Protein chains: 2
Amino acid sequence: MALSADILRGYTDTIILRQLAGGDSYGYQINKRVAEKSGGGLEMKEATLYTAFRRLEGAGYIRSYWGDEMSGARRRYYALTPHGREKLLQDCEAWQETKRLIDRLLEEAE
Amino acid sequence: MALSADILRGYTDTIILRQLAGGDSYGYQINKRVAEKSGGGLEMKEATLYTAFRRLEGAGYIRSYWGDEMSGARRRYYALTPHGREKLLQDCEAWQETKRLIDRLLEEAE
DNA sequence: CAATTTACTTCGTCTGTCAAGGTATTTTAT
DNA sequence: ATAAAATACCTTGACAGACGAAGTAAATTG
């Protein structure tokens, strides 16, 4: 059961940052890995992904550079900046808090 | 630490439905209760709340009626429909799944 | 009797997602 | 050989939800 788009909203950036924490990567690969890791539960659309890259780079959380592949199509790699690493930590903490909050608001007991 | 707006996005409706599962209520009261229950962590803005009511009523998840208060300002009460009760259950299941998914995507281990 | 609280409403703006379109190269299948 | 699929990137415009700001009106409180 694939989850609705709005559930993702606000987490695209964090998910991308998290992927980059494991090493530099490029759009296509990040998309593949996220799809794989989520077991098909989450499919980030290309437009969503690439607009997120622009946003994250604009904010200074990531920087990009063209790979120097000898073969294969050109790839634009992305790397986490120190500022981005900080942001990732904050986002992960915020996620823990969000879980608690939504859980409390949705729990059965009055 | 109040959470960012986008974190709320997509949960406003579910939170409202959950509140109504405990009995009919009206906008102002729902807002107060959510704010209280969240310990100030979540503040739904009035515009957000009332547009959500329109949306939920349009979708048939809730219905509304004017209260017949003898004193105090007029209140528009909202009630959960059977359809809305179903929706709430589905939303809560989706939330459990979302938690697992985001957790998996943000976990440290490679 | 002024200020605050209760209570509801609408409009316009902003932001993130995505459908739809595009380019270009490489690999795989026929 | 060559058609199809996969790899890899990018942009534009539409849409939906959250919210700032403003308004209305009655009741309560100081």
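## Exercises on a two-chain model

At 1.5 Å a residue, helix α4 (residues 46-58) of chain A, with its 13 residues, should span 18 Å, and this agrees with its end C-alpha atoms, which are 18 Å apart. The expected span of a helix is 1.5 Å times one less than its number of residues. Helices (H or I, at least four residues) and strands (E, at least two) are DSSP runs, numbered from the N terminus.

This is a predicted model, in which local features need pLDDT of at least 70, side-chain atom pairs count only at pLDDT 80 or more, and totals for chains, interfaces and linings use all residues. Residues are numbered from 1 along each chain as its sequence is written, and chains are lettered from A and ligands numbered from 1 in the order in which they are written.

**Exercise 1.** Describe the make-up and extent of chain A.

*Solution.*
- Step 1: chain A contains 5 helices and 3 strands.
- Step 2: along the sequence these follow the pattern α-α-β-α-α-β-β-α.
- Step 3: the C-alpha trace of chain A spans about 65 × 30 × 20 Å along its principal axes.
- Step 4: of the 110 residues in chain A, 25% are buried. A residue is buried if 20 or more other C-beta atoms, placed from the backbone, lie within 10 Å of its own, exposed if 12 or fewer, and partly exposed in between.
- Step 5: among the contacts in chain A with a separation of 6 or more, 53% are between residues 24 or more positions apart. Two residues are in contact if their C-beta atoms, placed from the backbone, lie within 7 Å.

**Exercise 2.** Find the residue with positive phi that follows α4 in each chain.

*Solution.*
- Step 1: in chain A, G60(A) comes just after α4(A) and has a positive phi of about 85 degrees.
- Step 2: in chain B, α4(B) is followed by G60(B), with a positive phi near 85 degrees.

**Exercise 3.** Work out the strand order and pairing of the sheets.

*Solution.*
- Step 1: chain A has an open sheet of 3 strands in the order β1-β3-β2, with antiparallel pairing. Two strands pair if DSSP finds at least two bridges between them.
- Step 2: β1 (25-26) and β2 (62-66) of chain A are the edge strands, each pairing on one side only.
- Step 3: β2(A) is joined to strand β3 (residues 76-80) of chain A by 5 bridges, and the two run antiparallel. Y65(A) has Y77(A) in β3(A) as its bridge partner.
- Step 4: the open sheet of chain B also has 3 strands, ordered β1-β3-β2 with antiparallel pairing. Its edges are β1 (25-26) and β2 (62-66) of chain B, each with a single partner strand, so one side of each has no neighbour in the sheet.
- Step 5: opposite Y65(B) stands Y77(B) in β3(B).

**Exercise 4.** Characterise the contact between the chains and the symmetry that relates them.

*Solution.*
- Step 1: chain B and chain A each give 28 residues to the contact.
- Step 2: on the side of chain B that touches chain A, α1 (5-8), α2 (12-21), α3 (27-37) and α5 (82-106) of chain B each supply at least two residues. The largest share, 11 residues, comes from α5(B).
- Step 3: this side of chain B has 14 nonpolar, 6 polar and 8 charged residues. Ala, Val, Leu, Ile, Met, Phe, Trp, Tyr, Cys and Pro count as nonpolar, Asp, Glu, Lys and Arg as charged, and the others, Gly among them, as polar.
- Step 4: a turn of 180 degrees and a shift of 0.0 Å along the axis lay chain B on chain A with an RMSD of 0.1 Å. That is the relation of a two-fold axis. The copies are superposed by least squares on the C-alpha atoms of residues with pLDDT of at least 70 in both.
- Step 5: 100% of the contact residues of chain B recur in chain A, and the same surface serves both copies.
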